[in-house]
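I opened my notebook to look at one strand and its surroundings. Here is what I looked up, step by step.

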Amino acid sequence: QVQLVESGGGLVQPGGSLRLSCAASGTIVSRNAMDWYRQGPGKQRELVAVITRGGGTNYANSVKGRFTISRDNAKNTVYLQMNSLKPEDTAVYYCHTVLPERLGAVGYWGQGTQVTVAS
């Protein structure tokens, strides 16, 4: 059973902060790399942050220094702390992971949570 559920999105003013959460089923968070993607209106979905199984992190250049990805294995939850938000950060944010299966790796997505940055 694979389930990823995002929460924490909303409307914030430029310069504000939000923390997104991704609650995962089972032990997915502790055993797999976890990613955050986003997709703005009329734009391609883009990778914004990755946390590896070992805890290493990577970020898109557009969010470096402003966003932080983290995990709580005990809670099976991944977070994305977003600070100094800009209007261009407006997008639906998706939690994502890849799980190995007998015929190959399979990607799984949450339903997404809307982040709107506007005055």
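I started with strand β11, residues 113–117, in this predicted model. I saw its side chains alternate: T113, V115 and V117 point to one face and are buried, while Q114 and T116 point to the other face and are not buried. That fits what I know of regular strands, where side chains alternate between the two faces of the sheet.

Next I checked the strands that pair with β11. Strand β2 (residues 10–12) runs parallel to β11, and 3 bridges join them. I noted V117 as the bridge partner of V12. Strand β9 (residues 91–101) pairs with β11 in the antiparallel sense, also over 3 bridges. There, V92 has Q114 as its bridge partner.

Then I stepped back to G112, in the loop between β10 (104–109) and β11. Is G112 buried or exposed? Its relative accessible area is 15%, so I wrote it down as buried, the cut-off being under 20%. Leaving aside neighbours within four places in sequence, G112 is in contact with E6, V92, Y93 and Y94. I also looked up E46: its C-alpha is 13 Å from that of G112, and the two are 66 residues apart in sequence.

Y93 caught my eye, so to speak, and I listed its contacts beyond four places in sequence. Among them are E6, W36, L80, M82, G112, T113 and V115.

Last, I turned to the largest nonpolar core, which has 27 residues. M34, W36, L80, M82 and Y93 touch the most other members. Elements that each supply at least two residues of this core include β4 (34–39), β8 (77–82), β9 and β11.

Key:
Residues numbered from 1 in each chain as written. Predicted model: local features only at pLDDT ≥ 70, side-chain atom pairs only at ≥ 80, totals over all residues. Heavy atoms only, no water. Buried < 20%, exposed > 50% of the residue type's maximum accessible area, 1.4 Å probe, protein only. Helix = DSSP H or I, 4+ residues; strand = E, 2+ residues; numbered from the N terminus. Pairing = 2+ DSSP bridges. Contact = heavy atoms within 4.5 Å. Core = buried A, V, L, I, M, F, W, Y, C linked by side-chain atoms within 4.5 Å.
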